[in-house]
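Hi,

Here is the structure I promised to pass on. Have a look at it first, and my notes come right after.

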Amino acid sequence: MNNRFYKDSVIKGLRKLAGRANHVVIPKGRIFQLRAYEESVTGSLSMLTDAVLNDCAQHNVGTEEWKSGILDELRFWWNILAKRTRSPEKAVFLEKFLLKHDFAYGDQLDGGPRDIEVLDIGCALFPAIGRNFGNQTVHVTAADPLATGYNRLMDLFGIERQYNLVFGVAEQTATIFGEDRFDFILAQNSIDHSYDPASAFDQICKALRSGGAAQFEHYSNEAENQNYHGFHKWNLEPHSEGCIRIWNLQNDVLFDFSEHGCEAKIHTYKRKKHSGAEVEAFQVRVKKA
(Lines give C-alpha, C1' and ligand atoms only; values in the text may rest on other atoms or scores of the structure.)
Protein backbone atom coordinates (compact mmCIF):
# COMPACT_ATOMS: atom_id res chain seq x y z
CA MET A 1 0.00 0.00 0.00
CA ASN A 2 1.17 3.54 -0.78
CA ASN A 3 2.22 4.92 2.64
CA ARG A 4 1.31 8.48 1.74
CA PHE A 5 -2.17 7.44 0.63
CA TYR A 6 -2.64 5.30 3.72
CA LYS A 7 -1.54 8.09 6.06
CA ASP A 8 -3.88 10.60 4.40
CA SER A 9 -6.83 8.19 4.59
CA VAL A 10 -6.19 7.39 8.26
CA ILE A 11 -5.87 11.04 9.21
CA LYS A 12 -9.01 11.92 7.28
CA GLY A 13 -10.91 9.12 9.03
CA LEU A 14 -9.68 10.16 12.47
CA ARG A 15 -10.58 13.78 11.91
CA LYS A 16 -14.06 12.65 10.95
CA LEU A 17 -14.33 10.43 14.03
CA ALA A 18 -13.15 13.16 16.36
CA GLY A 19 -14.98 15.99 14.62
CA ARG A 20 -11.71 17.84 13.98
CA ALA A 21 -11.30 20.52 11.33
CA ASN A 22 -9.26 19.81 8.21
CA HIS A 23 -6.64 22.40 9.15
CA VAL A 24 -5.60 20.50 12.29
CA VAL A 25 -2.01 19.33 11.87
CA ILE A 26 -1.20 15.74 12.83
CA PRO A 27 2.46 15.57 13.99
CA LYS A 28 4.82 13.53 11.85
CA GLY A 29 5.89 10.07 12.96
CA ARG A 30 2.56 9.17 14.55
CA ILE A 31 1.07 7.09 11.79
CA PHE A 32 1.22 3.85 13.80
CA GLN A 33 -0.32 5.50 16.89
CA LEU A 34 -3.07 6.92 14.69
CA ARG A 35 -3.64 3.54 13.12
CA ALA A 36 -3.90 1.94 16.56
CA TYR A 37 -6.40 4.59 17.65
CA GLU A 38 -8.50 4.13 14.54
CA GLU A 39 -8.53 0.37 15.03
CA SER A 40 -9.46 0.84 18.69
CA VAL A 41 -12.44 3.06 17.80
CA THR A 42 -13.59 0.70 15.06
CA GLY A 43 -13.25 -2.26 17.40
CA SER A 44 -15.24 -0.49 20.13
CA LEU A 45 -18.05 0.38 17.73
CA SER A 46 -18.11 -3.20 16.45
CA MET A 47 -18.51 -4.50 20.02
CA LEU A 48 -21.34 -2.04 20.63
CA THR A 49 -22.96 -3.23 17.41
CA ASP A 50 -22.78 -6.83 18.65
CA ALA A 51 -24.45 -5.79 21.92
CA VAL A 52 -27.30 -4.11 20.01
CA LEU A 53 -27.70 -7.14 17.75
CA ASN A 54 -28.00 -9.30 20.84
CA ASP A 55 -30.84 -7.10 22.13
CA CYS A 56 -32.58 -7.32 18.76
CA ALA A 57 -32.24 -11.10 18.71
CA GLN A 58 -33.75 -11.38 22.20
CA HIS A 59 -36.77 -9.35 21.10
CA ASN A 60 -36.96 -10.93 17.63
CA VAL A 61 -36.89 -7.59 15.86
CA GLY A 62 -35.37 -6.18 12.70
CA THR A 63 -34.53 -7.49 9.27
CA GLU A 64 -30.99 -8.31 8.17
CA GLU A 65 -31.06 -5.30 5.84
CA TRP A 66 -32.15 -3.02 8.72
CA LYS A 67 -29.52 -4.42 11.09
CA SER A 68 -26.81 -3.55 8.56
CA GLY A 69 -27.35 0.13 9.45
CA ILE A 70 -26.54 -0.23 13.17
CA LEU A 71 -22.79 0.35 12.90
CA ASP A 72 -23.28 3.47 10.76
CA GLU A 73 -25.72 4.90 13.30
CA LEU A 74 -23.39 4.28 16.23
CA ARG A 75 -20.49 5.86 14.31
CA PHE A 76 -22.67 8.89 13.53
CA TRP A 77 -23.38 9.48 17.23
CA TRP A 78 -19.73 8.83 18.16
CA ASN A 79 -18.86 11.68 15.79
CA ILE A 80 -21.49 13.94 17.36
CA LEU A 81 -20.30 13.27 20.92
CA ALA A 82 -16.63 13.65 20.00
CA LYS A 83 -17.34 17.01 18.38
CA ARG A 84 -19.89 18.47 20.80
CA THR A 85 -18.06 17.53 24.01
CA ARG A 86 -15.02 19.47 22.75
CA SER A 87 -16.88 22.51 21.43
CA PRO A 88 -17.33 25.93 23.11
CA GLU A 89 -21.07 25.09 23.33
CA LYS A 90 -20.38 21.95 25.36
CA ALA A 91 -22.40 23.13 28.40
CA VAL A 92 -25.45 23.89 26.25
CA PHE A 93 -25.21 20.50 24.59
CA LEU A 94 -24.93 18.63 27.91
CA GLU A 95 -28.06 20.39 29.22
CA LYS A 96 -30.09 18.32 26.76
CA PHE A 97 -29.39 15.20 28.81
CA LEU A 98 -30.79 16.68 32.05
CA LEU A 99 -34.37 17.19 30.75
CA LYS A 100 -34.73 20.49 32.60
CA HIS A 101 -36.54 22.19 29.73
CA ASP A 102 -40.30 22.63 29.44
CA PHE A 103 -42.74 19.98 28.31
CA ALA A 104 -43.79 21.62 25.05
CA TYR A 105 -46.77 19.45 24.11
CA GLY A 106 -49.26 20.29 26.86
CA ASP A 107 -51.70 21.84 24.38
CA GLN A 108 -52.31 18.36 22.96
CA LEU A 109 -53.32 16.83 26.30
CA ASP A 110 -56.79 16.71 27.85
CA GLY A 111 -55.53 18.19 31.12
CA GLY A 112 -56.22 17.02 34.65
CA PRO A 113 -54.19 16.90 37.87
CA ARG A 114 -52.67 13.43 37.50
CA ASP A 115 -49.11 12.61 36.51
CA ILE A 116 -48.35 12.47 32.79
CA GLU A 117 -46.82 9.41 31.12
CA VAL A 118 -44.89 10.21 27.95
CA LEU A 119 -42.73 8.18 25.57
CA ASP A 120 -40.09 9.30 23.08
CA ILE A 121 -39.67 6.27 20.81
CA GLY A 122 -36.54 6.07 18.68
CA CYS A 123 -35.05 9.04 20.53
CA ALA A 124 -31.37 8.12 19.95
CA LEU A 125 -29.17 9.52 22.75
CA PHE A 126 -31.69 11.76 24.49
CA PRO A 127 -35.45 12.41 24.46
CA ALA A 128 -36.69 15.67 22.98
CA ILE A 129 -39.16 16.02 25.87
CA GLY A 130 -38.70 18.20 28.93
CA ARG A 131 -40.10 17.54 32.39
CA ASN A 132 -41.21 21.05 33.40
CA PHE A 133 -45.01 21.32 33.20
CA GLY A 134 -46.41 23.44 35.98
CA ASN A 135 -47.24 21.45 39.08
CA GLN A 136 -47.71 18.20 37.19
CA THR A 137 -45.11 15.45 37.14
CA VAL A 138 -44.00 14.29 33.71
CA HIS A 139 -42.68 10.72 33.62
CA VAL A 140 -40.47 10.32 30.54
CA THR A 141 -39.68 6.95 28.99
CA ALA A 142 -36.79 7.26 26.54
CA ALA A 143 -36.58 4.27 24.19
CA ASP A 144 -34.48 3.22 21.22
CA PRO A 145 -33.49 -0.12 19.65
CA LEU A 146 -29.83 0.92 20.01
CA ALA A 147 -30.21 1.76 23.73
CA THR A 148 -27.43 -0.55 24.91
CA GLY A 149 -24.95 0.93 22.44
CA TYR A 150 -26.01 4.51 23.15
CA ASN A 151 -25.81 4.07 26.94
CA ARG A 152 -22.26 2.75 26.64
CA LEU A 153 -21.29 5.58 24.29
CA MET A 154 -22.61 8.17 26.73
CA ASP A 155 -20.78 6.47 29.61
CA LEU A 156 -17.59 6.52 27.55
CA PHE A 157 -17.89 10.28 27.05
CA GLY A 158 -18.88 10.86 30.69
CA ILE A 159 -22.37 12.17 29.89
CA GLU A 160 -24.47 12.84 33.00
CA ARG A 161 -28.16 12.21 32.32
CA GLN A 162 -31.45 12.22 34.21
CA TYR A 163 -33.04 9.23 32.50
CA ASN A 164 -32.31 5.63 31.64
CA LEU A 165 -32.41 4.87 27.94
CA VAL A 166 -34.28 1.58 27.49
CA PHE A 167 -34.66 -0.85 24.61
CA GLY A 168 -37.70 -0.20 22.47
CA VAL A 169 -38.73 -0.46 18.84
CA ALA A 170 -41.71 1.40 17.42
CA GLU A 171 -42.99 -1.82 15.84
CA GLN A 172 -43.44 -3.27 19.36
CA THR A 173 -44.40 -0.13 21.29
CA ALA A 174 -47.59 -1.53 22.85
CA THR A 175 -46.14 -5.03 23.13
CA ILE A 176 -43.15 -3.84 25.16
CA PHE A 177 -44.65 -0.95 27.15
CA GLY A 178 -48.32 -1.90 27.29
CA GLU A 179 -51.54 -0.84 25.61
CA ASP A 180 -53.51 2.26 26.72
CA ARG A 181 -50.55 3.49 28.76
CA PHE A 182 -49.21 6.83 27.49
CA ASP A 183 -50.71 10.32 27.49
CA PHE A 184 -48.27 11.44 24.83
CA ILE A 185 -45.86 9.75 22.41
CA LEU A 186 -43.24 11.51 20.31
CA ALA A 187 -41.40 10.10 17.29
CA GLN A 188 -38.96 12.35 15.44
CA ASN A 189 -37.01 11.13 12.40
CA SER A 190 -37.43 7.57 13.63
CA ILE A 191 -40.40 5.87 11.97
CA ASP A 192 -38.68 6.08 8.59
CA HIS A 193 -35.70 4.34 10.26
CA SER A 194 -37.88 1.41 11.29
CA TYR A 195 -38.13 -1.91 9.49
CA ASP A 196 -41.98 -1.90 9.37
CA PRO A 197 -43.44 1.64 9.57
CA ALA A 198 -47.08 0.54 9.27
CA SER A 199 -46.72 -1.73 12.30
CA ALA A 200 -44.95 1.11 14.12
CA PHE A 201 -47.87 3.51 13.61
CA ASP A 202 -50.37 0.81 14.63
CA GLN A 203 -48.46 -0.07 17.82
CA ILE A 204 -48.12 3.57 18.82
CA CYS A 205 -51.87 4.07 18.43
CA LYS A 206 -52.48 1.05 20.66
CA ALA A 207 -50.07 2.34 23.33
CA LEU A 208 -51.97 5.64 23.69
CA ARG A 209 -54.58 6.07 26.39
CA SER A 210 -58.05 7.18 25.36
CA GLY A 211 -57.69 10.91 24.78
CA GLY A 212 -53.92 10.53 24.43
CA ALA A 213 -51.91 12.22 21.69
CA ALA A 214 -48.91 11.45 19.51
CA GLN A 215 -46.75 13.63 17.31
CA PHE A 216 -44.59 12.54 14.38
CA GLU A 217 -41.96 14.77 12.76
CA HIS A 218 -40.22 13.51 9.64
CA TYR A 219 -38.55 14.53 6.42
CA SER A 220 -40.50 13.52 3.34
CA ASN A 221 -39.13 10.58 1.36
CA GLU A 222 -35.84 10.45 3.28
CA ALA A 223 -34.86 7.01 1.95
CA GLU A 224 -34.83 8.43 -1.58
CA ASN A 225 -32.84 11.45 -0.36
CA GLN A 226 -30.30 9.17 1.37
CA ASN A 227 -30.11 6.59 -1.45
CA TYR A 228 -31.47 3.90 0.91
CA HIS A 229 -28.28 4.01 2.98
CA GLY A 230 -28.10 2.77 6.58
CA PHE A 231 -31.46 2.81 8.37
CA HIS A 232 -33.11 4.70 5.50
CA LYS A 233 -35.14 1.88 3.95
CA TRP A 234 -38.61 3.52 3.85
CA ASN A 235 -40.10 6.74 2.53
CA LEU A 236 -42.92 8.52 4.34
CA GLU A 237 -45.07 11.26 2.86
CA PRO A 238 -48.52 12.77 3.41
CA HIS A 239 -51.12 11.21 1.13
CA SER A 240 -54.51 12.60 2.10
CA GLU A 241 -56.29 13.84 5.21
CA GLY A 242 -55.26 11.58 8.10
CA CYS A 243 -53.36 9.22 5.79
CA ILE A 244 -49.62 8.57 5.28
CA ARG A 245 -48.03 6.89 2.28
CA ILE A 246 -45.28 4.38 3.18
CA TRP A 247 -43.16 3.20 0.28
CA ASN A 248 -39.82 2.03 -1.05
CA LEU A 249 -38.59 0.34 -4.21
CA GLN A 250 -40.50 -2.87 -3.44
CA ASN A 251 -43.56 -1.75 -1.44
CA ASP A 252 -46.23 0.94 -1.44
CA VAL A 253 -48.91 1.05 1.27
CA LEU A 254 -51.20 3.61 2.91
CA PHE A 255 -51.74 4.02 6.65
CA ASP A 256 -55.05 5.62 7.62
CA PHE A 257 -55.04 6.63 11.30
CA SER A 258 -58.86 6.68 11.40
CA GLU A 259 -58.84 2.91 10.91
CA HIS A 260 -56.81 2.61 14.13
CA GLY A 261 -59.04 4.61 16.45
CA CYS A 262 -57.23 7.92 15.97
CA GLU A 263 -57.81 11.27 14.33
CA ALA A 264 -54.79 12.75 12.55
CA LYS A 265 -53.96 16.22 11.28
CA ILE A 266 -51.05 16.61 8.88
CA HIS A 267 -49.02 19.77 8.34
CA THR A 268 -46.32 20.12 5.66
CA TYR A 269 -43.48 22.63 5.77
CA LYS A 270 -39.86 23.30 4.76
CA ARG A 271 -37.21 22.23 7.26
CA LYS A 272 -33.46 22.86 7.35
CA LYS A 273 -31.11 19.92 7.64
CA HIS A 274 -27.67 19.99 9.31
CA SER A 275 -26.18 20.67 5.89
CA GLY A 276 -28.23 23.87 5.66
CA ALA A 277 -30.37 22.57 2.80
CA GLU A 278 -34.13 23.13 3.02
CA VAL A 279 -36.21 20.04 2.30
CA GLU A 280 -39.84 18.97 2.50
CA ALA A 281 -40.97 17.80 5.93
CA PHE A 282 -44.25 17.06 7.65
CA GLN A 283 -45.80 16.85 11.10
CA VAL A 284 -48.61 14.51 12.08
CA ARG A 285 -50.63 15.23 15.22
CA VAL A 286 -52.67 12.24 16.36
CA LYS A 287 -55.49 12.11 18.91
CA LYS A 288 -56.93 8.84 20.15
CA ALA A 289 -60.68 8.64 20.67
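Below is what I found on the two sheets, the helix lying across them and one helix pair.

First, some housekeeping. This is a predicted model, so local features need pLDDT of at least 70 and side-chain atom pairs count only at pLDDT 80 or more, while totals for chains, interfaces and linings use all residues. Residues are numbered from 1 along each chain as its sequence is written, and side-chain values use heavy atoms, with hydrogens and water left out.

The six-stranded sheet

Six strands make an open sheet, ordered S2-S1-S3-S4-S9-S8, with mixed pairing. Strands here are DSSP E runs of at least two residues, helices are H or I runs of at least four, and both are numbered from the N terminus. Two strands pair if DSSP finds at least two bridges between them. At the edges sit S2 (138–143) and S8 (262–272), each pairing on one side only. The twist from one strand to the next averages 15 degrees; angles run from 0 to 180 degrees between N-to-C directions, with axes being lines fitted to C-alpha atoms (for helices, over the stretch in contact). Inside the sheet, S4 (residues 208–219) and S9 (residues 278–288) are antiparallel partners over seven bridges, and His218 stands opposite Phe282 of S9.

The three-stranded sheet

Three strands, in the order S5-S6-S7, form another open sheet, and its pairing is antiparallel. S5 (235–240) and S7 (252–256) are the edge strands. Neighbouring strands are turned by 30 degrees against each other on average, direction ignored. S5 pairs with S6 (residues 243–247) over five bridges; Leu236 has Ile246 in S6 as its bridge partner.

Which helix lies across S5, S6 and S7? That is H8 (residues 197–207), running at about 145 degrees to S6. H8 also lies across S1 (116–121), S3 (182–188), S4, S8 and S9, at about 145 degrees to S4. Contact means heavy atoms within 4.5 Å.

The helix pair

H4 (residues 70–84) packs on H6 (residues 147–156) at about 25 degrees, with axes 11 Å apart. The two are therefore roughly parallel (angles under 35 degrees count as roughly parallel, over 145 as roughly antiparallel, 65 to 115 as roughly perpendicular and the rest as oblique). H4 contributes Glu73, Leu74, Trp77, Trp78 and Leu81 to the contact, and H6 contributes Gly149, Tyr150, Leu153, Met154 and Leu156.

Cheers
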